[in-house]
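Student: Could we go through the aromatic contacts in this one?
Tutor: Yes, let us start with the pairing rule and then take the rings in turn.
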Amino acid sequence: MKLIVISHPGGSPGAPPGSLRDEAGLINKLFENGLQILHLRKPDSTREQVKKLLSEIDQKYHSRISLHQYHCLAEEFGIFRLHFTEKERAATSWDDFQMMRKRGFTLSTSIHDIEQLDTLSSCFSYAFFGPVFDSISKKGYHGVVNNNFKLTKKPVNLIALGGIGTSNLENIQAMNFDGAAILGALWEQPEDAVINFRRLSQLLVPESSAGRSGLKPGDGDMVALSPSPRLKPGIDERRADADGYRSGYHDICGPGCTSPGGDDRVHIPNPQDQQSQRPNPRFRPGAHNMRAPSQEPQNTAYGFSQSKDLDTIAKLHFISSQKSGLSHLQSIQKALDAGCKWIQLRVKNQSEEDVLPLALKAKKLCDGYNAKLIINDFPLIAKEVRAYGLHLGLSDMKIPQARKIVGNEMIVGGTANTFEDIILRINEGADYVGLGPYRFTTTKQNLSPILGLEGYQKLMDRLAKAGHHTPIIAIGGIVPDDIATLKNTGVHGVAMSSALLQSADIKETVSKIKSTLC
Ligand SMILES: Cc1ncc(COP(=O)(O)OP(=O)(O)O)c(N)n1
Ligand SMILES: Cc1ncsc1CCOP(=O)(O)O
Ligand SMILES: [Mg+2]
């Protein structure tokens with residue numbers, strides 16, 4: 001169950017009196033307090049006003065904003081979510097929506113009649129439906145459902161809208177909606193918006209205990225790229241009010257918003273252009289997808305992490321081991337002495353209680369060398385010891401769930417063995433992907449199929465073609481002689497354990513590996 005906030009409908013900064021004071025500050029605070037998606041709906045604002053507001057919202061939150069008007073601003077601000085009113089939906093061809101999806105946009109729309117749900121294109125990741133209850137802010141907009149209403153089939157995720165507040169949020173969950181869009185409950189008293197948002201968030205049933213995973217696969221998809229850099233003409237970009245705009249809930253769901261068109265249409269650079277450039281650090285690794293999306297379906301709209309650029313992820317990862325007659329801590333000490341700066345504590349077959357003291361000691365060791373500690377498998381331990389990162393495999397806790405524990409600042413890596421795994425990890429918000437195994441190794445049991453050089457080459461080529469830039473770390477049975485060829489496949493770095501620990505001169509080996517990788 002997701003909570004989506006729709007912005008205050010009033011004017012943006014610079015707008016006439018009556019506008020919300022320090023709107024950007026309030027929006028930043030909502031994001032800081034866990035807001036996942038903000039729908040920026042500014043029917044009365046000019047493009048310059050919306051632009052100004054966006055520029056005042058912390059850029060790390062831009063990927064969580066959906067634009068109702070002025071879709072043309074999406075690229076400039078790294079926004080990949082666009083909303084379409086009912087009227088705009090009707091005026092836009094399926095091909096155009098497809099094209100937007102292919103360019104990496106997450107599309108949403110509005111319906112008033114539940115029957116319309118079946119007619120929606122699968123291009124839409126979710127739709128607003130409402131007003132479900134009597135509007136809080138707009139008197140006279142009456143709810144269309146009663147308390148016995150229950151959604152059964154939902155080809156598209158459905159977000160309830162209208163009159164939702166603390167008193168009825170639970171009803172929305174019981175009705176089987178995928179989320180609730182909040183407007184009046186926050187903006188009736190803007191000075192209490194953050195506290196009211198927190199109250200509403202606390203009422204949400206956690207997804208795991210609700211037995212649902214929130215939005216279904218396909219949500220927030222960013223799919224397939226197209227060779228053409230521009231969208232086909234859609235509908236005109238006109239001011240909403242020139243199109244019979246009326247304010248109130250109906251306008252969120254009804255006519256009036258603007259969408260790509262004319263010279264201001266959404267422009268996503270051709271991924272081919274992107275590859276020759278250094279990734280723009282404005283985007284977190286996962287968010288590079290927006291600029292150069294994958295050809296594969298991608299699954300989460302909500303796997304966010306904050307801006308971390310490629311340099312944040314080291315190229316040589318040491319994986320601790322208690323093979324070779326050493327304890328985990330001794331193996332870490334050895335790697336640190338040799339110059340490793342990125343240490344993963346990977347303790348298998350021990351309880352969380354047993355791993356915690358090891359993690360605390362490992363953290364102390366790493367701190368002494370100014371090295372980064374990554375905890376394998378245990379999000380709670382990673383948080384507890386203030387590790388730099390957490391690594392999760394495909395059968396470990398899901399990354400978005402772990403993020404709720406470790407927060408957005410912590411580096412979270414995810415394991416992958418196939419292209420689909422990689423895309424999944426990227427969409428989950430992984431900061432890097434551990435791809436392997438390269439070859440057989442006894443360090444890990446139950447290995448996934450071995451990829452070999454050919455496997456890496458194919459996967460890396462496919463990723464490059466799809467414009468993905470999330471750092472890929474090769475792992476599994478890697479020896480120093482593999483590194484140059486592996487690097488040529490395009491991987492960002494390597495993770496190694498036994499070959500380092502068994503090296504005759506580990507310091508020399510680490511130094512050579514580092515110079516090969518840089
Ligand atoms: C950098 C890196 N990549 C992959 C893994 C493997 O993680 P996982 O699949 O969860 O397996 P275990 O390591 O937990 O056995 C990793 N640890 N590090
Ligand atoms: C954790 C892990 N995941 C895939 S292979 C592997 C072990 C890496 O260690 P080594 O470098 O000794 O093969
Ligand atoms: Mg694991």
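Tutor: Rings of Phe, Tyr and Trp (its six-membered ring) count as a pair if their centres lie within 6.5 Å, and planes under 30 degrees apart are stacked, over 60 edge-to-face and the rest tilted. This is a predicted model, in which local features need pLDDT of at least 70 and side-chain atom pairs count only at pLDDT 80 or more, while totals for chains, interfaces and linings use all residues. Residues are numbered from 1 along each chain as its sequence is written, and side-chain values use heavy atoms, with hydrogens and water left out.
Student: How many aromatic pairs does the structure hold?
Tutor: There are 10 aromatic pairs. In one of them the ring centres of Phe84 and Phe97 are 4.9 Å apart with the planes at 90 degrees, so this pair is edge-to-face.
Student: Are Phe84 and Phe97 buried or exposed?
Tutor: Both Phe84 and Phe97 are buried, meaning under 20% relative accessible area (exposed is over 50%, partly exposed in between; 1.4 Å probe, protein chains only). Together with Phe124 they form one aromatic cluster.
Student: And why is the pair of Phe149 and Phe177 stacked?
Tutor: The centres of Phe149 and Phe177 are 5.9 Å apart and their planes lie at 25 degrees, so the pair counts as stacked. Phe177 is buried, its relative accessible area being 0%.
Student: Different topic: which residue lies over the face of Phe419?
Tutor: Arg462 does, at 4.0 Å from the ring centre, where the rule asks for NZ of Lys or CZ of Arg within 6 Å of the ring centre and within 35 degrees of the ring normal. Lys372 lies over the face of Tyr388, at 4.8 Å from the ring centre.

Notes: Chains lettered and ligands numbered in written order.
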